[in-house]
Amino acid sequence: MDFKSTYLQGVYDKVCARNAGEKEFLQAVKEVLESLEPVVERRPDIVKAGVIDRIVEPERQIQFRVSWVDDNGNVQVNRGYRVQFNSAIGPYKGGLRLHPSVTASVIKFLGFEQIFKNSLTTLPMGGGKGGSDFDPKGKSDAEVMRFCQSFMTELSKHIGADTDVPAGDIGVGAREIGYMFGQYKRLRNEFTGVLTGKGLSYGGSLVRTEATGFGLCYFTKEMLACMKNESFKGKTVVISGSGNVAIYANKKATELGAKVVAMSDSNGYIYDPNGINLDVVKQLKEVERARIKEYVNRVPGATYTEGCRGIWTIKCDIALPCATQNELDGDAADALIKNGVIAVAEGANMPSTPEAVEKFLAAGVLFGPAKAANAGGVATSGLEMSQNSERLSWSFEEVDAKLHDIMVKIFHAAYDASKEYGHEGNLVMGANIAGFLKVADAMLWQGISY
Ligand code: NDP
């Protein structure tokens, strides 16, 4: 028996039977359902209306073939997905991931998490996610373009500015969004805000590129101040990954007075005791699309270690996992705790295993869960949608101030819910409960379709 409530146990058993073998999805559902134990006790109306039974089942799930021709004239076939999980509070919203590890389970876990994350932002966005097992690494620009066009040819039938608005995620940045937007416009003869993360010249928002990493640091700053009377000033920080989220988390943490000493990619990690030179990382990752190990050839005093998991053995005060799911396990948590970490905040989605989360909470380490801590990206996507609807562009300062305000509010929503439901300071429970209640309320109002 995993749950105290027999009702929740029944819901979870059904999810397991229906989605057998989908381990990432089951992991994400279990974590949310565990947090809902106190809600189930207090809210029989939610149970009676089957809200929880309904919320664990996607409203719609699309899987499609993506065929394209590589530079040698060979036909390649990938699999595309879009999971439209929940539209109770707004159009489906969530990124597209291009990575060989993408499966239905991965997209469903991300789409499920997105429901609660989007609700926490306070903006009107439902939850969705999509992607493909296509690997952009090693592909030419022309190959990436042909893939993106083929992907969008099918996806365009299911999305729209008021229906479903995808964005970037792993492997999908400005280049990919541009190719996809161009194809959507060609097919539909419409210039609408159907994607976010667009280039600034055609409807993108300032701060969207920086938003997830900046937002992560704004959330962490508030968590440190309110729960430990602490700040980033003078702290040593370790950040996994070296993609979009990791780069801008590094930038903001450094601006806030911290020293970031390590970053990684899927092959290994760099350690620079003098503080990572972010210009070098940006040149390698954003311009040259090179591997992180190249850093040590350009910056004296830095070292490179093969294998990305060892990064958590580096002594630090604050750890920001910003690469991928389940990258920080129980052993990594033990190493961080032993080295005196005071706060962990998740830039990636579900980077900490359940065992690691349990260890952090038991050791009194401040823990910011992904759906709260990394919500700045989608929040700024929501602001991009508003600007597209208004046909206006806001200044950097204006968007950054709104992002900061949203992240502070998210922290307090999660903290307040943790307190109200008897688990003060447990932001995993707080974020799940606060995110869930708004969606549940909307589902109650909207009735059940017969
Ligand atoms: P990028 O593609 O820009 O960067 C991903 C980084 O993570 C790269 O350094 C990559 O290394 C590393 N990585 C990817 N897969 C693995 C793996 N299996 N093992 C180890 N390292 C890996 O993606 P983002 O920075 O956009 O996304 C990072 C995380 O943040 C994801 O979990 C994403 O869902 C989450 N996120 C992103 C948002 C956004 O706005 N972009 C919003 C909210 C969450 P390599 O280059 O070697 O593959």
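A residue counts as buried under 20% relative accessible area, as exposed over 50%, and as partly exposed in between. The views below show close-ups of a predicted model.

**View 1. Glutamate 355 and lysine 359 form a salt bridge within helix α14.** The side chains of the two residues meet at 4.0 Å, N to O. Glutamate 355 and lysine 359 are four residues apart in helix α14 (residues 354-362), so about one helical turn separates them. Glutamate 355 has a relative accessible area of 46% and is therefore partly exposed. Lysine 359 is also partly exposed, because its relative accessible area is 25%.

**View 2. A salt bridge joins arginine 18 to glutamate 57.** The N to O distance between these side chains is 3.6 Å. Arginine 18 belongs to helix α1 (residues 6-18) and glutamate 57 to the loop between α5 (51-55) and β1 (60-69), so the pair ties together parts that lie 39 residues apart in sequence. The relative accessible area of arginine 18 is 56%, which means that this residue is exposed. Glutamate 57, at 34% relative accessibility, is partly exposed.

**View 3. Aspartate 71 and arginine 146 meet in a salt bridge.** Their side chains come to 2.7 Å, N to O. Aspartate 71 sits in the loop between β1 and β2 and arginine 146 in helix α7 (residues 141-155); the pair links distant parts of the chain, 75 residues apart. Aspartate 71 counts as partly exposed because its relative accessibility is 43%. Arginine 146 is partly exposed as well, at 28% relative accessibility. The count for the model comes to 27 salt bridges. Another view of such contacts would hold Asp2, Lys30 and Glu34, which are linked in a network of salt bridges.

**View 4. Lysine 371 makes polar contacts with two glutamate side chains.** Lysine 371 is part of helix α15 (residues 370-373). With a relative accessible area of 2%, lysine 371 falls under the 20% cut-off and so is buried. The side chain of lysine 371 makes a polar contact of 3.1 Å with the side chain of glutamate 31. A second polar contact, of 3.2 Å, joins the side chain of lysine 371 to that of glutamate 113.

**View 5. The ligand and its surrounding residues.** The ligand is surrounded by 25 residues, of which the closest are Asp169, Thr212, Ser266, Arg291 and Asn349. By class, this shell holds six nonpolar, 13 polar and six charged residues.

**View 6. Polar protein atoms beside oxygen atoms of the ligand.** For arginine 97, a polar side-chain atom lies 2.9 Å from an oxygen atom of the ligand. Arginine 208 likewise places a polar side-chain atom 3.1 Å from an oxygen atom of the ligand. At alanine 323 the polar atom belongs to the backbone, and the distance to an oxygen atom of the ligand is 3.4 Å. On its own the ligand has 890 Å² of accessible area, and the protein covers 85% of this.

**View 7. A nonpolar surface patch of three valines.** Val69, Val75 and Val77 make up this patch, with an area of about 270 Å². Valine 75 is placed in strand β2 (residues 75-86). Its relative accessibility of 61% is over the 50% cut-off, so valine 75 counts as exposed.

**View 8. Threonine 122, with a positive phi.** Most residues other than glycine have a negative phi. Threonine 122 is not a glycine, yet its phi is positive, at about 75°. This threonine 122 lies in the loop between α6 (104-120) and β4 (126-132). Its relative accessibility is 48%, and threonine 122 therefore counts as partly exposed.

**View 9. Asparagine 229, with a positive phi.** Asparagine 229, again not a glycine, has a positive phi of about 50°. The residue is found in the loop between α9 (211-228) and β6 (236-240). Asparagine 229 is exposed because its relative accessible area is 72%.

Methods. Residues numbered from 1 in each chain as written. Predicted model: local features only at pLDDT ≥ 70, side-chain atom pairs only at ≥ 80, totals over all residues. Heavy atoms only, no water. Patch = residues over 30% accessible without salt bridge, like charges linked within 9 Å, V, L, I, M, F, W, Y side chains within 5 Å. Areas by Shrake-Rupley, 256 points an atom, 1.4 Å probe, with all protein chains shown as cover. Helix = DSSP H or I, 4+ residues; strand = E, 2+ residues; numbered from the N terminus. Buried < 20%, exposed > 50% of the residue type's maximum accessible area, 1.4 Å probe, protein only. Near = heavy atom within 4 Å. Polar contact = N/O pair within 3.5 Å; in protein donor to acceptor, adjacent residues only side chain to side chain. Nonpolar A, V, L, I, M, F, W, Y, C, P; charged D, E, K, R; others polar.
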